[in-house]
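The exercises below are meant to be worked with the sequence and the model open side by side. Try each task before reading the solution that follows it.

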Amino acid sequence: MRKRHPKEKRKADVPVSAFADIAFLLIIYFILATTLVQISGVVTEIPSGEKAETNEEEETATVQLKGEQILYNDQQVSIKQLRNKLAALNLHQKADNDKVVLLEATPDVAYQNYFDVMASISDAGGVTAILQEEE
Amino acid sequence: MKKKRRRRRAAILVPVASIADIAFLLIIFFMLCSRFAKDPGEKVDPPTTLQVNPLDDFPMVVLIDKSGRIYFQGKQVSGPEQIEEEVRQYVEGKTDDKFRTVMVRCDRTVLKHKFEPVYEAIAKGGGRIAAVGEKSKD
């Protein structure tokens with residue numbers, strides 16, 4: 001009878017050093033694609049009505065933006081004064097319908113000023129309603 | 001003369017197999033932490049104000065760049081009418097405020113005739129606005 005030779009065991013080496021390269025490439029991709037900055041801003045609900053009723057207009061606070069100027073109920077104010085005046089209205093405690101603050105702006109108003117006023121209204125508990133110029 | 005004995009150099013084996021494990025753990029961490037931007041990569045200089053709050057990751061993003069181009073979910077749109085339509089379609093049947101909120105990123109230098117129609121379009125489409133801005137230093 002023929003004697004069987006025990007099979008020589010082959011060493012199977014899986015090349016793993018390339019895994020690290022692939023993994024580090026993926027890490028670099030995720031580091032570049034990740035934004036760790038917390039986004040901040042102002043959340044506001046703008047009434048979507050086409051045309052608002054105007055019979056209560058004398059009661060509603062109105063903010064007008066004319067270029068760099070801010071007018072609160074036809075009185076020129078600074079952004080700080082506007083914040084104080086809006087805070088004095090106690091809009092947080094009022095009913096939803098009474099929270100409306102009308103905002104009107106001339107075409108030359110930059111978003112920076114508009115955003116600043118909108119943030120002030122929102123912070124005071126108000127709801128911004130955009131007033132459009134009659135054509 | 002004394003002959004110098006040569007030292008036999010020992011083979012140094014660096015175990016690299018565990019590096020991959022560490023790297024993959026880091027990948028998992030970054031994958032879970034990542035929030036992919038839904039804007040077209042346009043540089044926008046955000047407005048600043050004293051009162052800003054941290055915003056959640058809202059599903060709809062509108063971007064208005066310096067030159068007044070409007071983007072919805074990273075794609076340029078023809079105008080506010082398209083924004084209204086897109087928002088209306090997205091909001092349909094959703095009552096949760098989170099799904100109704102549109103994140104608006106607008107450059108601070110954009111003038112009213114460009115951004116206000118977008119605001120109105122979002123409102124008409126049934127959306128809520130989350131205007132992105134930064135806290136001013138003074």
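**Exercise 1: A helix and its surroundings**

In this predicted model, α3(A) is followed by Gly125(A), whose phi is positive, near 95°. Task: describe the length of α3(A) and establish which of its residues are buried.

Solution. Begin with the length: α3(A) has 13 residues and spans 18 Å from its first C-alpha to its last, which is close to the 18 Å expected at 1.5 Å a residue. Next, consider burial, for which a residue needs 20 or more other C-beta atoms within 10 Å of its own. By this criterion the helix is mostly covered, with 11 of its 13 residues buried. The buried residues are Tyr111(A), Asn113(A), Tyr114(A), Phe115(A), Asp116(A), Val117(A), Met118(A), Ala119(A), Ser120(A), Ile121(A) and Ser122(A).

**Exercise 2: The nonpolar core**

Task: find which members of the largest nonpolar core touch the most other members, and which helix gives the most to this core.

Solution. The largest nonpolar core holds 49 residues, and those that touch the most other members are Val117(A), Met118(A), Val62(B), Val102(B), Val104(B), Val118(B) and Ile122(B). Helix α3 of chain A, residues 111-123, gives the most to this core, with 7 residues. To see the surroundings of one such member, take Val117(A) and set aside its neighbours within four places in sequence; Val117(A) is then in contact with Val63(A), Leu65(A), Ile70(A), Leu82(A) and Leu103(A).

**Exercise 3: Two hairpins in chain A**

Task: follow strands β2(A), β3(A) and β4(A), and state how they pair and which turn residues have a positive phi.

Solution. First, strand β2(A), residues 61-66, and strand β3(A), residues 69-72, pair in the antiparallel sense over 4 bridges, and within this pair Leu65(A) has Ile70(A) as its bridge partner. These two strands form a hairpin with 2 residues between them, and Gly67(A) in the turn has a positive phi of about 65°. Second, β3(A) is joined by 3 bridges to strand β4(A), residues 75-77, again running antiparallel, and here the bridge partner of Ile70(A) is Val77(A). β3(A) and β4(A) likewise form a hairpin with 2 residues between them, where Asn73(A) in the turn has a positive phi of about 45°.

**Exercise 4: Where the chains touch**

Task: work out how many residues each chain gives to the contact, and which elements of chain A take part.

Solution. The contact takes 38 residues from chain A and 45 residues from chain B. On the side of chain A that touches chain B, the elements giving two or more residues are α1 (17-33), β1 (40-44) and α3 of chain A. Of these, α1(A) gives the most, with 10 residues. By residue type, this side of chain A divides into 25 nonpolar, 9 polar and 4 charged. Strand pairing also crosses between the chains, since 2 bridges join β1(A) to strand β2(B), residues 53-54, in the antiparallel sense; Ser40(A) has Pro54(B) as its bridge partner.

**Exercise 5: From the sheet to its edge**

Task: give the strand order of the open sheet that includes β1(A), and identify its edge strands.

Solution. The open sheet has 7 strands in the order β2(B)-β1(A)-β7(B)-β6(B)-β3(B)-β4(B)-β5(B), with mixed pairing. Its edge strands are β2 and β5 of chain B, each of which pairs on one side only. At the β5(B) edge, strand β4(B), residues 70-72, is joined to β5(B) by 2 bridges and runs antiparallel to it, with Phe72(B) opposite Lys75(B). Helix α4 of chain B, residues 112-124, lies across β3, β4, β6 and β7 of chain B, running at about 165° to β3(B).

Task: is Gln76(B) buried, partly exposed or exposed?

Solution. Gln76(B) belongs to strand β5(B), residues 75-76. Gln76(B) is partly exposed, because 13 other C-beta atoms lie within 10 Å. Not counting residues up to four places away in sequence, Gln76(B) touches Arg69(B) and Tyr71(B).

Methods
Residues numbered from 1 in each chain as written. Chains lettered and ligands numbered in written order. Predicted model: local features only at pLDDT ≥ 70, side-chain atom pairs only at ≥ 80, totals over all residues. Core = buried A, V, L, I, M, F, W, Y, C linked by C-beta atoms within 7 Å. Buried ≥ 20, exposed ≤ 12 C-beta atoms within 10 Å, placed from the backbone. Contact = placed C-beta atoms within 7 Å. Expected span 1.5 Å × (residues − 1). Nonpolar A, V, L, I, M, F, W, Y, C, P; charged D, E, K, R; others polar. Pairing = 2+ DSSP bridges. Axes fitted to C-alpha atoms, helices over the stretch in contact; angles between N-to-C directions.
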